[in-house]
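Thanks, everyone, for making the time this morning. I would like to take you through the interior of one model, and I will put it on the screen now.

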Amino acid sequence: FGAALDGFYLAMMLPMLCVSIFALPLGDTPTSMFGQMNDPRHIQRTIRATLSVSLLLASLIGALIFINAEAIFRVFVSGKGVDLVLVLMPVALLLFLLSGLVVCGNSLMNHLSRPVLAASIQLIVPIVSVVTILLAPTE
C-alpha cells in the first residue's frame, strides 16, 4: 500500500484542509438558526439554501484545486508520484463534496436529535477512502 497510500494522502491533503476551513463552519452555522425557527417551511428553505451554498462553494473550490493540481503537487512530489496524485484527485474531490454535504446533514440530524443517523452518514467518507486506497494503482 506504500505508493498508493502516499498518493492518497497527498491527493486528500488540500480537499480536507478545505473541509476544515469551509465545510465545518457551514455545518455549525445552521444549527443555531434551526433552534430559533418554528416554521417547518422556513427550516426547509434554510436547509436548501445551506446545502446549495455548501455545494456551490465546494464545487468552486474543487474546480480550482483540480485545475491547478499538477502545479500544486509538483511542489510536494516529483515524477510518478504526481501522476498517482492526479489519478486520485477526482476521488479526493468527490470526498470533499461528500464531506461538505455530510457536515451540513449532520448538523441537521443533530438538531433533530437523531445522533445515530448522523453517525451512520459519516461512514460514507471512510468507506470511499478505504475502497479508493485498495483500488489505487501501486505503480
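I will go through the nonpolar cores, then the cavity, and finish with one histidine.

Please keep in mind throughout that this is a predicted model. Let me begin with the largest nonpolar core, which has 22 residues, and in which Ala11, Ile65, Phe73, Val85, Met89 and Phe96 touch the most other members. Three helices, namely α1 (2-36), α2 (40-73) and α3 (80-111), each contribute at least two residues to this core. If we take Met89 as an example and leave aside residues up to four places away in sequence, its contacts are Ala11, Ile65, Phe66, Ala69 and Phe73. Apart from this core there is another one, made up of seven residues, including Phe34, Ile43, Leu108 and Ala118.

Now to the empty space. How many cavities of 30 Å³ or more are there? The count comes to one, and the space in the largest cavity is about 60 Å³. Its lining consists of Cys18, Phe22, Ala23, Leu26, Ser54, Leu57, Ala58, Ile61, Phe96 and Gly100, with at least two residues each from α1, α2 and α3. By character, the lining has eight nonpolar residues, two polar and no charged. Phe96, then, is in the lining of the cavity and is also among the core residues that touch the most other members.

Last, His111, which sits in helix α3. Is His111 buried, partly exposed or exposed? Its relative accessible area is 28%, so His111 counts as partly exposed. Between the C-alpha atoms of His111 and Ser32 the separation is 8.8 Å, although these residues are 79 residues apart along the chain.

Key
Residues numbered from 1 in each chain as written. Predicted model: local features only at pLDDT ≥ 70, side-chain atom pairs only at ≥ 80, totals over all residues. Heavy atoms only, no water. Core = buried A, V, L, I, M, F, W, Y, C linked by side-chain atoms within 4.5 Å. Buried < 20%, exposed > 50% of the residue type's maximum accessible area, 1.4 Å probe, protein only. Helix = DSSP H or I, 4+ residues; strand = E, 2+ residues; numbered from the N terminus. Contact = heavy atoms within 4.5 Å. 1 Å grid on protein atoms, 1.4 Å probe; cavity = no way out; pocket = protein on both sides within 12 Å on 5 of 7 lines; lining within 4 Å. Points joined across faces, edges and corners; volume = space filled by probe spheres on them. Nonpolar A, V, L, I, M, F, W, Y, C, P; charged D, E, K, R; others polar.
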